[in-house]
Amino acid sequence: MRILATCNSKGGVGKTSAAVNLAYLAAHSGHRTLLWDLDPQGAATYLFRVRPRVKGGGEALVRGTRPLDRAIKGTDFDNLDLIPADFTYRNMDLELGGAKKPTRRMARLLAPLAGEYDAAFIDCPPSMSLVSENVMHAADTLLVPLIPTTLSLRTFDQLTEFVAGIDGRRPGVLAFFSMVDRRKRLHREVIERLEADRSDVAAATIPALSLVEQMTVHRAPVAVFAPRSRAARCYEELWTEVLQRAW
């Protein structure tokens, strides 16, 4: 099972949109796919029309009193299941802090599901925390959405420095530009500079389009309600690149 996590310490950069669309495309292409919505705000859970609740909350999952597979819910799409968000996830750092081997707890929770799924996506909350560190130990690849601005690049540098300092196995990193407006000179310059300087940046980009925002209206991935749109093609291009570089 490949574990891919969309993460960035900044909010509002397109993590959930990427997680939802990539998970859908993975399932649509025949991969048995699981999406774990770790963000207590529950946006991915909302988009898949699932109630944002886990019996016993995050505490039950971390402590093992509720196995992770008992929290799994089906979605409206073949091959795609969801572990929903729960508002108690806001306290998950505290729960993990009290666990044995606290930075590796999520990896241990996901391990029994390896035979059930081909891919697991994790939609992370916007923070650098013990939850984030757990995800980094569990994931094969971190998918990092970046808005093409100077401050966004700074947070990317911080994340890659943190990953480089992890003891033992480290996840791969694949960044991609999100919410891109090529009419803006700054966006064009930042994209060109980072693509020239770093090999861990995808060629595929996600533009700033209203169709992506309309996911919250349709409560579905873009490819479901606008399959021939530019937005859908961009996510498909990103999924193809993820398969080539992070699978």
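Four aromatic pairs are found in this structure, which is a predicted model. Two of them share Phe77, and they make a good place to start looking.

| Ring pair | Distance between centres | Angle between planes | Arrangement |
|---|---|---|---|
| Tyr24 and Phe77 | 5.2 Å | 75° | edge-to-face |
| Phe48 and Phe77 | 6.0 Å | 75° | edge-to-face |

Why do both count as edge-to-face? Planes over 60 degrees apart fall in that class, and the rings of Tyr24 and Phe77 have their planes at 75°, as do the rings of Phe48 and Phe77.

If you follow the chain, you can see what these pairs bring together. Tyr24 belongs to helix α1, while Phe77 sits in the loop between β3 (73–74) and β4 (80–83), so their pairing ties together parts that lie 53 residues apart in sequence. Phe48 comes from the loop between α2 (43–47) and α3 (57–63), so its pairing with Phe77 joins parts that are 29 residues apart in sequence. Through ring pairs, Tyr24, Phe48 and Phe77 are linked into a cluster.

Are Tyr24 and Phe48 buried or exposed? Tyr24 has a relative accessible area of 11%, so it is buried. Phe48 is buried too, because its relative accessible area is 3%; the cut-off for buried is under 20%.

Helix α1 is worth a second look, since Tyr24 lies in it. This helix (residues 15–28) packs with helix α12 (residues 230–246) at an angle of about 70°, and the two axes are 10 Å apart. That angle makes α1 roughly perpendicular to α12, because angles of 65 to 115 degrees are classed that way.

Which residues meet where these helices pack? From α1 come Ser17, Ala18, Asn21, Leu22, Leu25 and Ala26, and from α12 come Tyr235, Glu236, Leu238 and Trp239. By class, the contact of α1 with α12 has seven nonpolar, two polar and one charged residues.

Two further sites deserve a visit. At one, an aromatic ring has a charge for company: the charged end of Arg219 sits over the ring of Tyr46, 3.9 Å from the ring centre.

The other site is His187, which is found in helix α8 (residues 185–197). With a relative accessibility of 6%, His187 counts as buried. What does His187 touch, leaving aside residues up to four places away in sequence? Its contacts are Pro148, Thr149, Met179, Val180 and Asp181.

Terms used:
Residues numbered from 1 in each chain as written. Predicted model: local features only at pLDDT ≥ 70, side-chain atom pairs only at ≥ 80, totals over all residues. Heavy atoms only, no water. Axes fitted to C-alpha atoms, helices over the stretch in contact; angles between N-to-C directions. Helix = DSSP H or I, 4+ residues; strand = E, 2+ residues; numbered from the N terminus. Parallel < 35°, antiparallel > 145°, perpendicular 65-115°, else oblique. Contact = heavy atoms within 4.5 Å. Nonpolar A, V, L, I, M, F, W, Y, C, P; charged D, E, K, R; others polar. Phe/Tyr/Trp six-rings, centres within 6.5 Å; stacked < 30°, edge-to-face > 60°. Buried < 20%, exposed > 50% of the residue type's maximum accessible area, 1.4 Å probe, protein only. Lys NZ or Arg CZ within 6 Å of the ring centre and 35° of its normal.
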